[in-house]
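Here are a few notes to help you find your way around. Take a look at the model, then read on with it open beside you.

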Amino acid sequence: MKKFVYIFLLLGSAFLSGQGEWQKITDDLDIRRLSDQIWQHRSFQVVGDIRFPSNGLLVVGEESLFMIDTAWGEESTDALLIWIKEKFGKPVKQAVVSHFHPDRMGGINNLHQIKTVVFAGEKTVELARENSLPLPDTLFKSSQHFDVDGTKFEAYYPGPGHSPDNIVVWFPEEKLLFGGCLIKSLEAPNLGYIGDAVIEQWAATMENLKSRYGEELRIVPGHGKIGDVALINHTIALVEAYLEKSSKTLNYKL
Ligand SMILES: [Zn+2]
């Protein structure tokens with residue numbers, strides 16, 4: 001039994017540590033392989049004095065690729081598309097963007113140029129329109145299933161949190177959840193940008209994810225390192241700390 005557990009742990013960590021090394025594409029973009037068909041792209045922007053990384057994924061099929069979130073801005077998305085062309089020689093036929101902010105769909109124009117069909121949740125399309133942003137091509141209501149040559153995944157709207165429209169992407173075979181900005185990495189000391197956040201509902205949205213996908217999973221957050229269910233718990237703790245602090249302030253004022 002012990003041996004079995006050991007092998008299991010070894011396999012589990014292989015998914016984490018066995019993932020490929022980062023390959024630098026430009027100063028602001030790198031990429032690595034997570035599994036046979038899934039790659040992670042990571043682009044950087046300086047906000048204030050801090051250089052922030054931002055995560056997205058690629059699903060590589062036999063004939064084409066699927067992109068989950070553009071790189072952060074047009075320059076890095078352009079570099080990513082050039083790299084994809086050289087590396088795979090296949091088109092990015094479809095993409096999904098996980099909410100309306102620029103770290104998620106800032107490269108949507110680049111995708112439109114190459115005729116990629118960009119999916120988004122209906123709320124994202126609504127918010128993009130309200131903010132006069134370039135629009136995704138196809139919308140879905142609560143979920144949308146995809147199958148890229150056998151790699152199956154779903155885009156799902158679990159409720160508001162970081163933004164009113166944030167969706168996640170779930171790979172059932174790999175038990176991999178792309179959480180986007182809805183899920184904070186362990187190194188995040190606070191909720192980050194909350195200008196569009198729905199903080200009172202954020203924790204309930206996290207619980208919804210746990211009940212839908214379970215707690216044995218790997219999570220790619222919008223920014224920072226991949227982890228497990230601890231990222232969801234950390235996000236709930238940050239939300240609770242924020243709400244507690246603001247209620248104290250309110251009590252004080254009263
Ligand atoms: Zn955001």
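**Notes for a first look**

1. A good place to begin is Ser132, which follows helix H5 and has a positive phi, near 55°. Please keep in mind that this is a predicted model.

2. Now step back into the helix itself. H5 spans residues 122-130, and its buried residues are Thr124, Val125 and Ala128. Viewed down the helix axis, these buried residues fall within an arc of 100°, so they line one face of H5. The face turned away from that buried side carries Arg129 and Glu130, both exposed.

3. What lies over the buried residues of H5? The cover includes two strands, E7 (117-121) and E8 (138-140).

4. Next, the nonpolar interior. The largest nonpolar core has 61 residues, and Ala95 and Val168 are those with the most contacts inside it. If you set aside neighbours within four places in sequence, Ala95 is in contact with Phe66, Met67, Leu111, Thr116, Val118 and Phe119.

5. There is also an open sheet of five strands to trace, in the order E9-E10-E11-E12-E13, with mixed pairing. Its edge strands are E9 (143-148) and E13 (218-221), each of which pairs on one side only. From one strand to the next, the twist averages 20°.

6. For a closer view of that sheet, try E10 (residues 151-156) and E11 (residues 168-171), which pair in the antiparallel sense over three bridges. Which residue in E11 stands opposite Glu154? The partner there is Trp170.

Definitions and conventions
Residues numbered from 1 in each chain as written. Predicted model: local features only at pLDDT ≥ 70, side-chain atom pairs only at ≥ 80, totals over all residues. Buried ≥ 20, exposed ≤ 12 C-beta atoms within 10 Å, placed from the backbone. Helix = DSSP H or I, 4+ residues; strand = E, 2+ residues; numbered from the N terminus. Arc of directions from axis to C-beta. Contact = placed C-beta atoms within 7 Å. Core = buried A, V, L, I, M, F, W, Y, C linked by C-beta atoms within 7 Å. Pairing = 2+ DSSP bridges. Axes fitted to C-alpha atoms, helices over the stretch in contact; angles between N-to-C directions.
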